[in-house]
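Q: Could you take a close look at one part of this structure for me, the place where the ligand sits? I'd like to know what surrounds it, and what the other empty spaces look like too.

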Amino acid sequence: MTMLKYMIRGGKPLTGEVVIGGAKNAALGIIVAAIMANEPVTIENIPDVDDVRVLLDAVESIGAIVERLDQTTVRINGALINDVNVDQEAIRKIRGSYYLVGALLGKYKKALVALPGGCQIGSRPIDQHIKGFEQLGAKVSIHHGKIDAKAEQLHGNHIYLDCPSVGATINIMMAACMAEGKTIIENPAKEPHIVDVANFLNSMGANIRGAGTDAIRIRGVQKLHGSEYSIIPDQIEAGTFMLMVAATRGDVLIKNVIPKHLEAITAKLTEIGCRVDEYDDCVRVRADKRLSYANVKTMPYPGFPTDMQPQMTTLLSLSMGTSIVTETIFETRLKYVGELRRMGANITVEGNAAFITGVENFTGAEVSAPDLRAGAALVMAGLAAEGITSVDQIHYIERGYERFEDKIKGLGGQIEKVDVEDEREVRKFRMKVG
Ligand code: UD1
């Protein structure tokens, strides 16, 4: 397998326009929910990223028919599913695989699915998912690295989540929409993609009310039907571009977004002196000077998203003054700080907080992406840095950002994907960027 890395020459402000793709985390839920119908379901605005490809292969492997109509549209038909056992090597590496438990349990009352992987950003337990399935009447056990869930019949129940878990909320919602009777999920997650998955399930005939509020009410139905649906734009991809523009002191119109979903990010950018103009379905981000400090704490939606924390820490490392970023969702999500320090960042980590003293400039270095979002943050650091940066382990980044380098190039950023082994490609890049 060829190992690829990004070569980046920093220092150019990003300018122009970029179009944001569909939300990865919504797509993972929606692709799996689609197999609950026995009729074709057409899904538009699917992001072209590795996690989505892995999940599409997984649903195909158990008998669902998957037709890729174009790069961002897929038709899925779950009528011929003949197996509830999902366990490929690839599926063990992604997080969204856990949705197969909720969907298969809801539809067939049984599921046997490899335990989920995903980025190494903390212990990431699934006890709330399991509690929810059990309260719906399923027996759940874990053996040989798989979750085994089965039930004679699922019955609606009143379920209280100890923490507002995105994954548990979606999973329980999927199982409950084909349970007998009424389910109420209290203290659910309220992220935009929870609402998107609920809207999608409703478009297939489910009866879910209150997604996005403090209680989700679900009345079970016997079957779900075909549908056509378009996924919401990716809030985190949009946010990542917003911060990249701010870090390079650029001026970019970021298109195909829902500005309301970006409020926590917009508010912080405005607070530190960046200009953000909101339109119906785009935002324009401009910065022409060094930005200021801020304190940021990650919180469940509508708070500041943990998936934007590494990018924000990177931006504040280049800002004036001292900032504190506190990570409250995932305990080991500050591991990438060592890589940023190699580029000149001045950050001390104590527990779950990063204490940042802003520096004027980063300098290019060889760094390694430790996970998806921190990988994107390192690319952002490279775009803002003096000189040349290389970021390896970019397969993490490709799990969640579609055509990342193409979109950056479209904004005038100097970035190239090269083969790690191929010195000629590396030399070619150096010659090109001068
Ligand atoms: C999802 C997103 C991920 C994002 C995260 C938080 C997907 C595929 N991934 O991950 O990008 O960073 O939401 O917005 O959508 N928890 C428990 N028990 C559980 C479940 C969660 O204690 O059963 C805790 C976790 O340890 C964490 C917090 O709840 O501290 C939030 O996790 P959760 O919202 O479930 O995150 P994921 O679904 O894994």
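A: Start with Tyr98: an N or O atom in its side chain is 2.6 Å from an oxygen atom of the ligand. Keep in mind that this is a predicted model, so treat that distance as computed from predicted coordinates. Backbone atoms join in as well. A polar backbone atom of Gln128 is 2.7 Å from a ligand oxygen, and for Ile329 a backbone N or O atom lies 2.5 Å from an oxygen atom of the ligand. As for cover, the ligand taken alone exposes 740 Å², and the protein buries 87% of that.

Now the wider shell. There are 20 residues around the ligand, and the ones that come nearest are Tyr98, Gln128, Ser165, Asp307 and Ile329. Sorted by class, this shell holds 9 nonpolar, 6 polar and 5 charged residues. Three helices each give two or more residues to it: H1 (24-34), H4 (127-135) and H5 (166-176). H4 makes the largest contribution, with 3 residues.

What about the space itself? The ligand sits in the largest pocket, which has a volume of about 970 Å³. That pocket is lined by 42 residues, and Arg124, Val166, Gly167, Ile329 and Phe330 lie nearest its centre. Ile329 is thus listed here and also among the residues that come nearest the ligand. On the secondary-structure side, H1, H4 and H5 each give two or more residues to the lining, and so do helix H7 (235-247) and helix H11 (372-384). The lining splits into 18 nonpolar, 12 polar and 12 charged residues.

Next, the second largest pocket, with about 510 Å³ of space. It has 21 lining residues, and Asp50, Lys93, His395, Tyr396 and Arg399 are the closest to its centre. Helix H2 (50-61) and helix H12 (395-398) are the elements that give two or more residues to this lining. Its classes come out as 9 nonpolar, 6 polar and 6 charged.

Then there's the enclosed space. Searching the whole structure turns up 3 cavities of 30 Å³ or more, and the largest cavity holds about 90 Å³. Its lining includes Ala23, Lys24, Asn25 and Ala26, along with Pro192, His193 and Arg373. Ile232, Pro233, Asp234, Gln235 and Ile236 line this cavity too. H1, helix H6 (192-203) and H7 each supply at least two of the lining residues, and H1 has the largest share, 3 residues. H1 also gives two or more residues to the shell around the ligand. By class, the cavity lining divides into 6 nonpolar, 3 polar and 3 charged residues.

Two backbone details are worth a glance while you have the model open. The peptide bond from Tyr301 to Pro302 is cis, with omega near 10°; Pro302 lies in the loop between strand E18 (295-297) and helix H9 (309-317). The other detail is His144, which has a positive phi of about 45° although it isn't a glycine. You'll find His144 in the loop between strand E8 (139-143) and strand E9 (146-150).

Methods
Residues are numbered from 1 along each chain as its sequence is written. This is a predicted model: local features need pLDDT of at least 70, side-chain atom pairs count only at pLDDT 80 or more; totals for chains, interfaces and linings use all residues. Side-chain values use heavy atoms; hydrogens and water are left out. A residue is near a molecule or strand if one of its heavy atoms lies within 4 Å of it. A polar contact is a pair of N or O atoms within 3.5 Å; within protein, one must be able to donate a hydrogen and the other to accept it, and residues adjacent in sequence count only if both atoms are side-chain atoms. Accessible areas come from the Shrake-Rupley method with a 1.4 Å probe; for residues, only the protein chains shown count as cover. On a 1 Å grid over the protein atoms alone, a cavity is a set of points where a 1.4 Å probe fits but cannot get out, and a pocket is an open set with protein on both sides within 12 Å along at least five of seven lines; lining residues have an atom within 4 Å of a point. A molecule sits in a cavity or pocket if more than half of its atoms lie within 2 Å of its grid points. Helices (H or I, at least four residues) and strands (E, at least two) are DSSP runs, numbered from the N terminus. Ala, Val, Leu, Ile, Met, Phe, Trp, Tyr, Cys and Pro count as nonpolar, Asp, Glu, Lys and Arg as charged, and the others, Gly among them, as polar. Grid points are joined across faces, edges and corners, and a volume is the space filled by probe spheres set on the points.
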